[in-house]
Structures are given as structure tokens and as C-alpha cells.
Number of protein chains: 2
Amino acid sequence: MSEHPDLGKLKERLGEISDLRGAQSLLGWDQRTIMPQKGAGVRASRIATLGKISHDLFVADETGQLLDSLTELEQSLPFDSDDASLIRVTRRDYEKAKVIPTELTVAFSLAESAGYQAWVEARATSDYTILLPHLERIVELHRQAIALHRAANEEVEDDYDILLDDYEPGLKASEVSRVFDLLKNATIPLVEHIRAKPDAVDDSLVHGDFPVETQRSLVTTLARRLGYTDDAWRLDTTQHPFASSMSTQDIRITTRYYPDFLNPALFGTMHEFGHGLYEHGVSPELERTPLCRGASMAFHESQSRMWENLIGRGRPFWDYGLPELKRAFPDHFAGADEDAIYRAVNKFGPSLIRVEADELTYNLHIIIRFELERDIFSGTVPLADLPAAWNAKVQEYLGIDVPDDAQGVLQDVHWGSGAFGYFPTYALGNVVAAQLWERIARDLPDLDGDVSRGDFGPLRDWLGENIHRHGRKFGPNQLLERVVGVDRFDPQPLVRYLTTKVEGLYGA
Amino acid sequence: MSEHPDLGKLKERLGEISDLRGAQSLLGWDQRTIMPQKGAGVRASRIATLGKISHDLFVADETGQLLDSLTELEQSLPFDSDDASLIRVTRRDYEKAKVIPTELTVAFSLAESAGYQAWVEARATSDYTILLPHLERIVELHRQAIALHRAANEEVEDDYDILLDDYEPGLKASEVSRVFDLLKNATIPLVEHIRAKPDAVDDSLVHGDFPVETQRSLVTTLARRLGYTDDAWRLDTTQHPFASSMSTQDIRITTRYYPDFLNPALFGTMHEFGHGLYEHGVSPELERTPLCRGASMAFHESQSRMWENLIGRGRPFWDYGLPELKRAFPDHFAGADEDAIYRAVNKFGPSLIRVEADELTYNLHIIIRFELERDIFSGTVPLADLPAAWNAKVQEYLGIDVPDDAQGVLQDVHWGSGAFGYFPTYALGNVVAAQLWERIARDLPDLDGDVSRGDFGPLRDWLGENIHRHGRKFGPNQLLERVVGVDRFDPQPLVRYLTTKVEGLYGA
């Protein structure tokens, strides 16, 4: 059977759009890792122009006409076929994208580049006033976009749903609140339990003198064992680690090194490896299509958090991992045993910096950001008052004082780069990871043994087969339904996991 | 006076085209320096699509209409004004580009990417048959383009002129032959003179044990002294060194390190620095326009060869340079004096590899390539016979046998990547460098003193003021006329320079 000619035309158009977005990815990756600083000005124009052209190409009437003419074909194909999925997902993207005029996408792109540069400076000097005008501009642009979406779609319940939808298709703020309330109610007693035993876990093993070059070599060895290969991946250094991909065969992960603290490079690399493995595992058939990404940001984050926490902060991993640490830093780890390193990487307790938080308090960091984003867009918290509101929430949920904005409201890159509605997907990623983990435990009964032997192949294969290869063919709920049989975020597996873990470390 | 509205529209369009080409530059730089190998397939599509879109945008009727409507404005402005130059140069580019259909630009782009990958493999295995089908394809595409240009322009005298024009606007093959014949006739007796004294110059000082990391630090120190700054430049490692720029403030140069031979990294870095400085010095007013490049490839090469040879292989440089070598490799250079290192970096004599050739025989390497390109396009030498034809020419001009194709016809990246008509600009770059150098010597009477003190500021300023800032506003002949008062390539300054240098080193 030969391909419908309009399907060929649609794929050609989407292939070109993928090429433009792939080029944008490289421009962005380069900007955040290795670009000389003065390149920023022109770089922002380059990125904005590519975004403009790909937006124009995508929202053109021809795209809509091709989609219309393919409706019958789509209905004749199985729901989960590549072609039906391509048409279905593209139609959803198209309906949403065409609401936004090109000038607004360019304005966003330029505001995000400028905001990113301002954030770098603001954080370095702990000066929120440098970032403030950029946040004002970005929030104003979001308000314009929200108004356009509302005008096009009367069914929108909540402005915030529109922000969420960019990262988590179909998710509602009300659903996030439901999940987060359950999570918060289960978390707070556990945090109190831990606070009562501040010395129960000793993490001195992960602090010390760790030369950066040795760390780099250690985490590269580790990444290769997990599945990184030199012919299809890169590992670079950056300020705010991230993963991106130029294609399924060109995966870029980044990390950062603290000379006196092992966790950031170690767990940062495992985290970004999880993101990278997802994009590396998408079916080659989906290359150069809009399906060649993850199902949603929560699903993406489920993969990174799984490798970082469920593997990397699990006890079995350290049977394999400790000998690697001993090879890299023989003196420091000379007397350490597997239980000691397992405990050291699992010190729980309230802290200031999200990306360094333990698995339990991490979700509170996210809940703080979610609530503040709600307040910003409802108008309850003016942006000028955001640092004070931040500090009050940190005191309320974590019980600690924020000494300066660099360790407070300025710690994350997201808002300055335009990403509102993104943070919730981090905690939802933890939720999904735990949902998947219960399923994996049933499907791979010897997983703990594999991991303790440093054999990550069975887990990689399971993830590839059940999740990665599908790319973006299914929405997050559809994919949850397929894999765990429940079509929504369920925080209970995460609560069970955290409760067991905390009790194991801190006593019941 | 406010800007003509169509001029604003033209600049906007050209700005977007510049953004697309800037993104292509980054895709290409990344591909040739740090991309994981398996990224090559999709990368080729990305590059081709960006080329297609920028070509479409440029050759669109709107571009022609804007140019037409700006004719009067152009004529009312001084010839050397930025705006008149922009309109004039863009019109020439437009007339030429619109001859080529988009499909042909895409076919070229894909053939060049595939050819580059094939060349890497062919050179590594010294197997010309891997490259041959790619060369056949590329030459066939060039023939198609030549036929289209001939159909559009009856005044074309010689097919080869069309190839040249992409790199050296307006240059004719007959003019290249005139210059090269003069150069050849002056060079051959000098080569014979040198061959009679094979032991007159001892280059053992530049051979030895030079750890790569120390070399990297040395050439970075050197580049900084020349004018490289960390906030606007990068220096990376590659197989076949090149320079490219993402904007005037984001200059990327590359080099390669031989652990037992200092010249490639040392002179390679100075060479690419010269290219980089040219693009770094273009007036900020020309950023994001098609004028934001060099006047021609010969002019570009005049800059790289000037820093590599007229500075780097000159005697004054080593008053500054030798102490740097002694700091980097104290044992190796302990007993060396300035005259000894000057002589060591100036060993003349026939050799196999162009990029390692001395200043004199270098031009013979180029003449060989020029003559072979003429033979390929006239049909005298079928591509299957190219290795034999190559080896015969090397024997004829340089008097040496080529042991294998890796050191022969496969040594250069150019043909496999589609660049025919490019090689002549290298020797013409030497010609232009010597023309400029005689002028500079008059304008900067203490240049030798500056250079021996490691003060490159006066030369940088002269080049910036007289050449770099103009970007591509003037054609090569116009720029020569402005700077040295002669509107053509004149090989006599180069012949004088080489004769003096050879006699100084090898006796009269």
C-alpha cells in the first residue's frame, strides 16, 4: 500500500519544522554550555527567527488543509499506529498553535533570551531587581497568550490550565491541587518525624575533597555503564544542568561539579541520563516528526527521577557503585561500606535549594512554586512582592529562613526563561516514577539483583519497550493507562515508597 | 532622515536570512568539532532544510521587488555607504542565487554532508573508491548549476569562472592562470635552489615530545596575546582546522595537536586566528546582514596567512615567541636562541601535505589542485583517474612520489564537501597578504619592533581600519584599489618576499 500523498506532504512539512526546532535546540544547548558570553545578543535573534519561521510554517493554512484531508485516513488506521498518532497529535498542536500570532512567539523568544541573561546576572549578584522587569514582561506576554486561548476556546476553566497544557497536555490545575494536597498531607508528618532526629543519618561521606577531573571521569564511567555511548551522546558542564537532544542519535546531557560535594555531579548526571535515555529510545520511525519527544514533561521527569532516585539513591545500586567510588577516590572511601554510602546519599531534611533537596522535601519545594505561580497569575502576589512571598512560603512549609534571594526566589532558571506552569511536572514526575516502579517491580522480579551487579540492561529494555519508543504518540494519561492500568496521576505509590524509605532510614 | 520603508523591509528579510545562515554555521561547526558521530544523518537534513528555507526566502520575488524599489535610493547615496553597499551587494547575490532552483541547493547540501562523511572514512582508510561516487555526484550537480548560470548569462567565458565566482566574486580563470604562471616561474628556480642545500636549515627544534595539554595552554596564551578574548572567541580541536563565526562577537577557531611536532598547533592557531580576527572586526553596523563576512576568500586567506607566515614565521616574532616556548617546554628549548627557532620554523622543501608545506612550495600545491580542477571540469581527467593524475602532478612540480592516497588526493576536505573553485583563493591569499604587507610596512614603520615586543595592537588596528570593518561592502578588486592602489592581484610582492626570505635562509 503506497502512502497517501497528503501524508507525505504533511511529513515533509513536519520534517522541515523538526529541522528548524532541532537547530534551535543546538543554538540553545550551545548558549547554555559553551558559547562565548558576548555571543548572546545575536544568538537571541537567531533563536527568535527560527522560532518565527517554524511557527509560520506550522500554522499556515496548508497545514490545516493537509490535516483535514487526512481525517479519513486517520480514522481508518489503528489508534496507536504511527501515522494515526502523527495526524492526531499534530492536529491538537495545530489547533493550539494557530491561536498565537507569530509576533507573539517572537516576543516570547526575545523576552526569554533576555530574561535568561538577566537571571544569570541576578543570581550571581543576588539582586532580584535585575530580574524583575524581565519577569513583568514575560508574565504580561503570558497574559496575552492566555487571553487569546480563552477567546478561541470557551471551555477553559482556569487560566493556569493554559500554562500547564504546554508541558502536560490536558492537565488541569484542579487535578494538580488534588494530587499535591494528598502529597502534602502525607509529607508533612514525615518531615516532622525526620526533624526530630537530625543526627540519625551521617552524610559526611559525600563531602570532602573531590577534584573535578576525577569526578568527571567517575561520572562518565558511570554514565557509560548506565547506557551512555560516546558515538551518540555528549556530557558537558553547565551552571544549571539540563538535557537536550539534536536527534535520537545525538543526545546532550550536562552536569556541574562541586569540588567539595559529590552529589551534584553524581546524581545530576544520573538525572540527566534519564532524560537523555528517553529521547534516545524514541523509535527511529518517529525521527524528524513532532512525535520524537517525550509524552509530557511529567513523563520525562519520571525517567530522570527514576535513574536519579529509585536507582541511584536505592540500596542495590551501591553494591555496584561503591567500588566505583573507591576506584575514583581510594583514600576518601577506604573504610566505607555499602550501607554507609546508601545512608549518606539519603540524608533527609529541609533545605534551601530545590535541586539539592532530598526526595521527600523536594515535593514541598515544587508545591511552593506551584502555589506562587497560581498567586502571580491570579494577581494575589504582585511580582515586586515575590521574594517576600517566597520567603514566607519556605518558612511555612520547610521551617527555614531564606538568607538571600540567590538561595531563594532566584535559584531556578525557569521563570526568567519564561517557563510558568512547568514546575508542577517535577513533582508529578516523582509521582509517575513511583507508579511505574511498582509495575516494573512486578515485571522484573530480579531488578534489585541486576542493579546491584551494575546490569542496567533489563531496566533499559523495559523502559524502551513500554515508554520510550512511543515518543509522543500517547498523552500522559493514555500512556499511564497502557503501562500501569490507571489513567491518572496517583500519588499513593510515591507516598508508600517515601514512607517505607524514611522509616528504613530514620526508624518507624 | 528616517529610513526608506523598503530598506527596513529588506534589512528585516536579510536579517532573517542571516539568522538562518548563522544557525547553519553553528550546525556545521558542531558537526566538525564535537558532534557525536551518529548524529550525522539527521544533522545533514537540518543543514539542508535551513539552506532550503534561506534560499527560498532570498530568491523570492519580494526580494527582487524591494531591490528594484531601492535603486533610486542606492544611486543617491555614496558608493561606500553601508546602505548603498548593502543594496548593491545584495542585488549581485540575488541575480546569481535566483538562477538556482531550491531543489538543487538541497541536493548540493545533502551531497556535501554525505561527501564529508565519506571523505572522513576514505582518508582514514586511504581508500579513494569510498569517496569516488560522492565526487561523481557533486561534480554532476556543479555541471547542472553551471548550465543554469550559462543559460542565464551569455557573457560567461569559461565554466570554471562560475565555480570561482562563489569564492572570489568576479575573478576569471584566465586571471588565475596569469597570476599562477608568474608565480610558478618564479617559484621553480627557488625550489631548485633549496633542493641543492637540503641540510642548510635544521628543524629539529620543532620536533620532540610536546604533551597536548601543554601545547593547548601555549597556543591559548599566544592567541590571547594576538587578540583572542575569552568572552568572544572559542578555540577547539578538530581534524581539519577551520574558523567560523556565529556573529562578530562569537568567533570559533579550531586547531589540532601533534604530540611530536609543534608546527600544526602553533601555526594552525595563528592561521585561524587571522580568519577569526577578520570576522570579529567587521563593523557592528553590518551585523545580521550579508555584508557581515570577508570581501572574498582570497582576502580572508590573506589575513590568515599574514598571521601565520608574515608574522608567525618572521624573525621579529620570535623575540617575543621564544620566551613563551621556553616557559611551556623549558627543557626542550633550554639552549635555543631566536635565530635557531626562526630557522627551524622555516625549513623549505617539497613535501606531500599542503597544510604542512613551507611558504614557497605551498603555492605549487595549490597550482596542482587548480590545474586538476580545470581538467575535471573540461573532462580531460575522469574522476576515476584523479589519483593517478594527482600523483603525476606531484611528481612533476614537487619531484616526489605519493605513497598512498591519504597523503595524496584524499588529504583535503574540500572536494568531498563540494568545494570546487576554492583552492586558488589560498595562493591568491598569499599574493594579497604580500601586497598588503608592503603597504603596512610603509604605514607602520615600527611594526618589527612592535611584533618583537609582542605588541600586536598597531597591526590589529591597521587591519581593522583598512580591511576588517568593511566586511563585504567592497569586492576584492575594489578593496585592493582602496588599500594598495592597484585593482588586481599582483604576485610580484610575494615573489620579492619569498626571494628575500629564501636567500636569507639558504644563501643567494
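User: At roughly what angle do the axes of helix 1 of chain A and helix 2 of chain B cross?

Analyst: Happy to start there, with the reminder that this is a predicted model. Two packed helices are described by the angle between their axes and the distance between the axes. Here the axes of helix 1 (residues 5-33) of chain A and helix 2 of chain B come within 9 Å. Helix 1 of chain A and helix 2 of chain B count as roughly perpendicular to each other, and their axes cross at roughly 100°.

User: Which residues of helix 2 of chain B meet helix 1 of chain A?

Analyst: On the chain A side, helix 1 brings A:E16, A:D19, A:L20, A:G22 and A:A23. The residues of this helix-to-helix contact divide into four nonpolar, three polar and three charged. The partners in helix 2 of chain B are B:V42, B:S45, B:R46, B:T49 and B:L50.

User: Looking at the whole contact between the chains, which element of chain B gives the most to the side that touches chain A?

Analyst: The contact takes 31 residues from chain B and 31 residues from chain A. On the chain B side, at least two residues each come from helix 1 (5-33), helix 2 (40-59), strand 1 (233-237) and strand 2 (243-247). By class, that side has 13 nonpolar, seven polar and eleven charged residues. The element that gives the most, with eight residues, is helix 1 of chain B.

User: How are the two copies related?

Analyst: Chain B is superposed on chain A by a rotation of 180° with 0.0 Å of shift along its axis, and the RMSD is 0.0 Å. The two copies are thus related as by a two-fold rotation axis.

User: What percentage of the contact residues of chain B recur in chain A, and which residue of chain B comes closest to the rotation axis?

Analyst: The same surface serves both copies, with a recurrence of 100%. As for the axis, the closest C-alpha in chain B is at 3.3 Å, and it belongs to B:A23.

User: Why can the "binding site" residues that UniProt lists be said to gather at one spot?

Analyst: The UniProt record, an unreviewed entry, lists A:H271, A:H275 and A:E301 under "binding site". They span 31 residues in sequence. They nevertheless gather at one spot, because no two of their C-alpha atoms are more than 8.6 Å apart.

User: Is A:H275 buried or exposed, and which residues is it in contact with beyond its neighbours within four places in sequence?

Analyst: A:H275 lies in helix 11 (residues 263-280) of chain A. A residue is buried if 20 or more other C-beta atoms lie within 10 Å of its own. A:H275 has 23 of them, so it is buried. Leaving aside neighbours within four places in sequence, its contacts are A:A243, A:H300, A:Q303 and A:S304.

User: And which residues is A:E301 in contact with, leaving aside its neighbours within four places in sequence?

Analyst: A:E301 lies in helix 12 (residues 297-311) of chain A. With 27 C-beta neighbours inside 10 Å, A:E301 is buried. Its contacts farther along the sequence are A:T425, A:Y426 and A:G429.

User: Which residue does UniProt list for "active site", and where is its place?

Analyst: The unreviewed UniProt entry lists A:E272 for "active site". A:E272 counts as buried, because 25 C-beta neighbours lie inside 10 Å. Not counting residues up to four places away in sequence, A:E272 touches residues including A:P241, A:F242, A:A243 and A:S304. The place of A:E272 is in helix 11 of chain A.

User: Where is A:R288, and what is its phi near?

Analyst: A:R288 sits in the loop between helix 11 and helix 12 of chain A. A:R288 is buried, with 23 other C-beta atoms within 10 Å. Its phi is positive although the residue is not glycine, with a value near 60°.

User: Is B:S126 buried, exposed or partly exposed?

Analyst: B:S126 is in the loop between helix 6 (102-125) and helix 7 (128-152) of chain B. Its phi is near 50°, again a positive value in a residue other than glycine. With 14 C-beta neighbours inside 10 Å, B:S126 counts as partly exposed.

User: What distance separates the C-alpha atoms of A:V495 and A:A186?

Analyst: A:V495 is found in helix 21 (residues 492-506) of chain A. A:V495 counts as partly exposed, with 18 C-beta neighbours inside 10 Å. A:V495 and A:A186 are 309 residues apart along the chain, yet their C-alpha atoms are separated by 6.7 Å.

Methods. Residues are numbered from 1 along each chain as its sequence is written. Chains are lettered from A and ligands numbered from 1 in the order in which they are written. This is a predicted model: local features need pLDDT of at least 70, side-chain atom pairs count only at pLDDT 80 or more; totals for chains, interfaces and linings use all residues. Copies are superposed by least squares on the C-alpha atoms of residues with pLDDT of at least 70 in both. Two residues are in contact if their C-beta atoms, placed from the backbone, lie within 7 Å. UniProt positions are given in the numbering used here, feature names are shortened, and annotations may be inferred rather than shown by experiment. Helices (H or I, at least four residues) and strands (E, at least two) are DSSP runs, numbered from the N terminus. A residue is buried if 20 or more other C-beta atoms lie within 10 Å of its own, exposed if 12 or fewer, and partly exposed in between; C-beta atoms are placed from the backbone. Ala, Val, Leu, Ile, Met, Phe, Trp, Tyr, Cys and Pro count as nonpolar, Asp, Glu, Lys and Arg as charged, and the others, Gly among them, as polar. Axes are lines fitted to C-alpha atoms, for helices over the stretch in contact, and angles run from 0 to 180 degrees between N-to-C directions. Angles under 35 degrees count as roughly parallel, over 145 as roughly antiparallel, 65 to 115 as roughly perpendicular and the rest as oblique.
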